[in-house]
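Work through the following exercises with the sequence and the coordinates at hand. Each task is followed by a solution that goes step by step.

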Amino acid sequence: MTELPPLREMIADHGLRADKSFGQHFLLDLNLTAKIASLCGDVSDAALIEVGPGPGGLTRPLLALSPKQMIAIEMDARFIPALVATGDAFNTPFEIVEGDALKVDEAALAGGKPCVIASNLPYNVGTALLIKWLKAEPLIWRRLVLMFQKEVAERMVAPTGSKAYGRLAILTAAVASARIALKAPARAFTPPPKVDSAVVVFEPLPENRRFADLAALEVITESAFGQRRKTLRKSLGMAAGKASTSSEVLLTAAGIDPGARAETIAPDGFFALARAWRAAKG
Ligand code: SAM
């Protein structure tokens, strides 16, 4: 164990400057990062994975949770020495992976342990990473604690009928329960981005309540929300065509009024449509 210098000092000592091409906006307020870390819950039996630790403002309170194992995945090699020094200040087994989180196999890294993933995600890959984790088979995570641009966070938790309701809310609802746990204004970051942010906590639904055919669900929601102002009779034409059927057949099988619009249909209705689509496709 070594004593850690203050975060700003560590950043200055290692000459670390935010690089926009990596979507870097740092959290230097350790009260805020401690709050985010506390959303991970008890991780004493878990592999705690942080994506994009950067200079380590969130890494410190995550390590302080004493997870069974801590894994940090960072694409920008400049941060590695500071992260090694950060890890040395804690007793937790700490692995640093230099690479692209989109390509990493988290299950292999965690070696069979349940995972909790925490991240102040870079805006440019945040949604892609979430979709990767929602689609993971088997689902190895038991909680995700993720910072997104506020508008994107709102799309994940959007209720049926709201303006933000769409493909992301339905995909999320197929796999997990999600809630916005805290909001962070742009000024909480260094340098401040142009938008505010929010932390979303995801927990998997019990296996028997998940909707597993996400490929069919994506075909349906892409078609339905691709033309969200049209009635489902019209907008589902593209999906129906891919299964050599008509939108009326799919809607009747799902018990949905063909004159309804996509945003008025709850996730369960889309799951029923995806089932009907799969049955038609064979
Ligand atoms: N967690 C740090 C904090 O809160 O101060 C940094 C957050 S910054 C918004 C995003 C971090 O993710 C940067 O360190 C960036 O280099 C890293 N990053 C960007 N794309 C990545 C990717 N595809 N895989 C892994 N890390 C990535």
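**Exercise 1.** State into which domains the protein chain is divided, and how much area they bury between them.

*Solution.* The protein chain is divided into domain 1 (7–209) and domain 2 (214–281), with bounds that come from an automatic or database domain assignment. Residues are numbered from 1 along each chain as its sequence is written. The model is predicted, so that local features need pLDDT of at least 70 and side-chain atom pairs count only at pLDDT 80 or more, whereas totals for chains, interfaces and linings use all residues. The C-alpha centres of the two domains lie 33 Å apart, and the contact (heavy atoms within 4.5 Å) takes 14 residues from domain 1 and 15 residues from domain 2. Between them the domains bury about 1100 Å², 69% of it on carbon and sulfur atoms, where buried area is the accessible area (1.4 Å probe) that two parts lose on being put together, summed over both. In domain 1, Tyr165, Arg167 and Ile170 lose the most area to domain 2, together 48% of what that side buries.

**Exercise 2.** Determine how helices H8 and H9 are oriented to each other, and which residues meet.

*Solution.* Helix H8 (residues 167–175) and helix H9 (residues 214–226) are DSSP runs (H or I, at least four residues), numbered from the N terminus. They pack at an angle of about 155°, with their axes 10 Å apart; axes are lines fitted to C-alpha atoms over the stretch in contact, and angles run from 0 to 180 degrees between N-to-C directions. H8 and H9 are therefore roughly antiparallel (over 145 degrees). From H8, Arg167, Ile170, Leu171, Ala174 and Val175 meet Leu214, Leu217, Glu218, Thr221, Glu222 and Phe225 of H9.

Conventions: Heavy atoms only, no water. Helix = DSSP H or I, 4+ residues; strand = E, 2+ residues; numbered from the N terminus. Parallel < 35°, antiparallel > 145°, perpendicular 65-115°, else oblique.
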